[in-house]
Amino acid sequence: MEQHESVIRICYAEYFVKSTKVKAGLHARPQGIGVRYYIELEQQDVREVCDLGTDIRAARELFFRVVWGGVSACTLADVVQDHAGTLF
């Protein structure tokens, strides 16, 4: 039997960093009886995914900070690491 995990998109945004379009998504993935959240940024040929933990409020807040701050895919991991104390 194959088990496929379902992924739910919670938020999505597109914005520009200089002249490059960035696509940002906040996703939820079931984990046991809970849910784990992660952010995904796509920018040209670069795709970065970072785990945001299990707190929807903290994950959503960081997602909006990333979008409003114009974070690029190559700096996403640094931004998430800087906010790690508020996520986990």
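**View A. Y37 and its bridge partner across strands 3 and 4.** Y37 has G53 of strand 4 as its bridge partner. Strand 3 (residues 34-43) and strand 4 run antiparallel and are joined by seven bridges. Strands (E, at least two residues) and helices (H or I, at least four) are DSSP runs, numbered from the N terminus. This is a predicted model: local features need pLDDT of at least 70, side-chain atom pairs count only at pLDDT 80 or more, and totals for chains, interfaces and linings use all residues. Residues are numbered from 1 along each chain as its sequence is written, and side-chain values use heavy atoms, with hydrogens and water left out.

**View B. The open sheet of four strands.** The strand order is 1-2-3-4, with antiparallel pairing; two strands pair if DSSP finds at least two bridges between them. Strand 1 (8-17) and strand 4 (46-53) stand at the edges with a single partner strand each, so one side of each has no neighbour in the sheet. Neighbouring strands are turned by 20° against each other on average, direction ignored.

**View C. Helix 1 on the sheet.** Helix 1 (residues 56-69) packs on the sheet and touches strand 1, strand 2 (20-31), strand 3 and strand 4. Contact means heavy atoms within 4.5 Å. The helix direction makes about 20° with that of strand 1. Axes are lines fitted to C-alpha atoms, for helices over the stretch in contact, and angles run from 0 to 180 degrees between N-to-C directions.

**View D. Surroundings of L41.** Not counting residues up to four places away in sequence, L41 touches Y15, V22, K23, A24, V46, R47, E48, V66, V71, S72, A73 and L76.
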